[in-house]
Amino acid sequence: MQNSSLLNLLQILKEKSEKWSKTNDYRIPKIWDSFNYSGEEKRENFDGTISVNPYNFLYECITKAILPYADSNTNYLQSLAQIERKKGVFLSAQGNWIKKSSVYGMQIRTSSAWDHDGDRELKLENRFGLKDTGTFVKTIALLPLIKKMGFDTIYTLPITKNSTRYKKGEMGSPYAVKNFFELDPVLKDPMTDELSIEEEFAALIEACHILGIRFVIDIIPRTSARDSDFILEHPDWFYWIKVSNREKYGPPKLTLIKEFTKADESNIELIYKDPAVKEHLKLFMPSPDKYAPEKWEKIKEVCKQNPDRDFFELIEKEIGLTTAPAFSDCLNDPQPPWTDVTYLRLYLDHPVQSARYVDQDQPPYILFDTIRANIFKGKKPNIELWERISNIIVHYQQKFGIDGARIDMGHALPKELEDMIISKAKEVDPDFCFIAEELSLSGDKKAKESGYDMIIGDVWARETRYYEGNLKKMIDKLLKLKLPVFAASEIPDSPRAASRVGGKNFSRFSVVLNNFLPNAVFFLTSGQEVFEVQPMNLGLDPQPDGRFKLLKSDPLYGKLAFFDRYALHWTNDGAQEMIEIISAVSKIRKRYVDFIKPENFIKFPYNSKFVVAFGYKLELKDEKYLIVIANADLLRAKRVEINLEKAQLGLAREIKEVGTLFALKSTSPVKFQDQKLSIFLEPLDIKIVLAK
């Protein structure tokens with residue numbers, strides 16, 4: 001660990017901890033203390049928090065819960081696959097490690113946020129001169145808890161520098177990326193102002209890898225912030241309209257096409273003949289360097305002399321142009337434009353299929369076809385931009401040793417560009433993992449052919465409708481997939497599980513079940529472990545009152561983590577119990593994960609759409625089958641009797657005894673007699689049984 005950023009961080013924390021006044025009341029959620037902090041000033045409060053010296057708390061976290069697992073001869077700024085390969089212990093290949101992983105999804109600025117000074121506000125500078133919002137450094141303090149719950153992979157929402165121009169909410173969306181190659185300065189921690197943000201991020205990655213936790217990032221190669229840093233260098237990589245036409249701009253409403261239709265070869269002529277489209281095309285202008293070359297050169301010179309000058313403000317003010325907001329690629333989609341982001345211009349000419357319908361001097365434009373660059377391609381790829389985009393992941397691999405990435409809107413990229421992104425990353429690390437933003441189970445085959453290792457899928461939407469009795473059908477679909485899918489009852493874009501029908505009971509039930517679904521990777525969105533009800537975003541399957549799930553007295557009422565300063569409700573009732581459930585079940589999953597796969601799957605027939613019973617054949621000396629029995633009935637308890645002989649010929653004859661490994665609710669013993677299992681289950685109850 002020579003020249004380790006984590007060790008440098010540790011030294012700074014030690015020095016500053018000695019200067020911290022014991023009279024300061026700096027509070028953190030008690031749940032964060034998963035390593036028994038022993039600071040002299042530690043005090044338990046009545047609100048579920050403890051008072052700590054923040055520098056010493058982090059120092060003890062690193063020295064007690066992280067460094068004991070470190071190898072002093074290892075460079076931890078490599079992917080875990082690269083580290084393990086050098087030690088000769090890595091057995092997987094081509095990103096397949098994700099199949100056996102458990103993934104903890106988080107937004108750094110939210111997950112490690114807390115109102116540390118108790119003034120009911122989340123400030124970028126609180127009364128201690130520190131941040132209430134989350135940082136890379138504070139996230140290190142969560143790693144022992146994440147590890148305790150059994151997670152071996154962290155997936156983060158974008159950590160890149162995002163824009164606050166045309167921002168939504170207080171902070172702006174992490175998906176409005178201003179610079180793909182710079183980290184978001186909001187994630188910099190004033191506790192360690194001697195370090196750069198890159199060093200702080202490196203320290204977090206080192207800490208993760210020491211604990212055997214992989215780190216997966218989110219990249220957004222199709223769009224950027226409206227004021228992207230690329231603009232000053234390449235204004236022609238963007239689409240432009242006049243500032244004075246901003247109010248007129250939006251997705252054109254077509255008269256002869258139904259809502260949510262996709263542009264394709266069959267309707268392209270109809271699209272371009274529509275009067276609304278003709279008016280829409282008139283709004284677009286040449287890029288500012290061509291529209292007003294002299295003014296453009298002056299702006300460049302001003303910014304060269306003063307790099308901190310806001311170049312985009314000058315463009316809008318002096319030239320009168322602005323980048324065109326992005327919008328949905330669905331025709332007649334009622335949602336308004338995405339005012340904080342714009343599309344990148346992936347081709348330097350119009351799509352081949354559309355070129356005949358526009359004038360030769362038509363400036364570059366955004367429309368339903370140009371957005372779908374995977375289908376509507378030009379003849380002139382923007383190669384320099386493609387090179388830049390395809391090096392984003394490589395940059396984070398080479399500098400920090402990340403382990404994987406999700407490609408946002410990867411399906412909408414030209415296949416050639418998608419291939420460039422994936423192949424370049426695989427050249428650096430053959431075991432790098434790619435997650436496809438496929439929100440339908442039917443996208444598995446295409447994603448596999450494109451080089452992805454798993455898909456997001458829609459278990460989160462299917463499972464939350466368990467009360468319709470659909471879990472058996474969902475499992476049948478999972479068994480047929482070509483790639484694994486996230487087993488999740490909530491994702492960052494969806495409603496929270498604890499806000500769904502069944503509330504906390506459903507949330508508990510789902511995290512247990514999701515550890516054992518076939519062809520699936522257990523995924524938990526940060527906050528589910530503490531029964532968070534407020535969604536992070538309203539993007540998918542939104543609820544009518546989705547934005548207002550909290551009490552009006554809550555200081556976070558009406559706020560969304562994607563756009564606002566937000567902290568999870570770490571002190572919620574039942575949070576510690578939920579964490580213990582996740583921890584207990586994860587140990588079972590970890591022990592048997594090698595056998596939790598479709599080829600070992602056994603379905604146990606049972607005549608009730610709410611009773612789900614399945615298992616896996618174990619290839620262990622004294623352990624033959626792992627069996628899962630769940631009651632997805634919200635209201636009624638069930639006495640379940642399963643004839644094992646019907647599941648597989650001779651199965652029951654191999655079993656001598658059964659025992660309960662885990663019971664969510666009912667503690668009544670599982671009985672095994674006459675080749676039958678007899679189980680009592682409460683509503684939304686689940687048992688994990690081991691047959692020997």
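Trainee: Which residues have the most contacts inside the largest nonpolar core?

Mentor: L6, I140, F201, L346 and W570, in a core of 187 residues. Before we go on: this is a predicted model, where local features need pLDDT of at least 70 and side-chain atom pairs count only at pLDDT 80 or more, while totals for chains, interfaces and linings use all residues. Residues are numbered from 1 along each chain as its sequence is written, and side-chain values use heavy atoms, with hydrogens and water left out.

Trainee: What makes a set of residues a nonpolar core?

Mentor: The set must consist of buried Ala, Val, Leu, Ile, Met, Phe, Trp, Tyr and Cys residues joined through side-chain atoms within 4.5 Å. In soluble globular proteins, nonpolar side chains tend to be buried together.

Trainee: Which helix gives the most to the core?

Mentor: That's α7, residues 197-210, with 9 residues. Helices (H or I, at least four residues) and strands (E, at least two) are DSSP runs, numbered from the N terminus.

Trainee: What does F201 touch?

Mentor: Setting aside residues up to four places away in sequence, F201 touches F136, I159, L183, F215, Y396 and F400. There's also a second, separate core of 30 residues, with A225, V277, Y343 and I366 among them.

Trainee: Why is S17 called buried?

Mentor: Buried means under 20% relative accessible area, exposed means over 50%, and partly exposed lies in between (1.4 Å probe, protein chains only). S17 comes out at 13%, so it counts as buried. You'll find S17 in helix α1, residues 5-17.

Trainee: Which residues is S17 in contact with?

Mentor: Leaving out neighbours within four places in sequence, S17 is in contact with N53, Y55 and N56. Contact means heavy atoms within 4.5 Å.

Trainee: Why is the pair K100 and D594 called a salt bridge?

Mentor: Check the rule: a side-chain nitrogen of Lys or Arg has to be within 4 Å of a carboxyl oxygen of Asp or Glu. For K100 and D594 the N to O distance is 2.8 Å, so the pair passes. K100 is in the loop between α3 (80-87) and β4 (102-106), and D594 is in the loop between α22 (575-592) and β21 (601-603), 494 residues apart.

Trainee: Why does K100 count as partly exposed?

Mentor: Its relative accessibility is 45%, which puts K100 in the partly exposed class. D594 gets that label too, with 42%.

Trainee: How do you know that E577 and R508 form a salt bridge?

Mentor: Their N to O distance is 3.6 Å, so the cut-off is met. E577 is in helix α22 and R508 is in helix α21 (residues 503-514), 69 residues apart.

Trainee: What makes R508 buried while E577 is partly exposed?

Mentor: R508 has a relative accessibility of 15%, so R508 counts as buried. E577 has 44%, so E577 counts as partly exposed.

Trainee: How many salt bridges does the structure hold?

Mentor: There are 51. Another one of them joins K377 and E416, with the closest N and O atoms 3.3 Å apart.

Trainee: Why is the E44 and K30 link called a polar contact?

Mentor: A polar contact is a pair of N or O atoms within 3.5 Å; within protein, one must be able to donate a hydrogen and the other to accept it, and residues adjacent in sequence count only if both atoms are side-chain atoms. The side chains of E44 and K30 are joined at 3.1 Å, so the distance fits. E44 sits in strand β2, residues 43-44.

Trainee: What makes β1 and β2 edge strands?

Mentor: Each pairs on one side only. Their open sheet has 3 strands in the order β1-β3-β2, with antiparallel pairing.

Trainee: Why do β1 and β3 count as a pair?

Mentor: Two strands pair if DSSP finds at least two bridges between them. β1 and β3 (residues 49-51) have 3 bridges, so they qualify. In that pairing, I28 stands opposite I50.

Trainee: Which face of β24 is covered?

Mentor: In β24 (residues 638-643), the face with K638, V640 and I642 is covered, and the one with R639, E641 and N643 is uncovered. In a regular strand the side chains alternate between the two faces of the sheet. β24 is joined to antiparallel β27 (residues 676-681) by 6 bridges, and R639 stands opposite F680 there.
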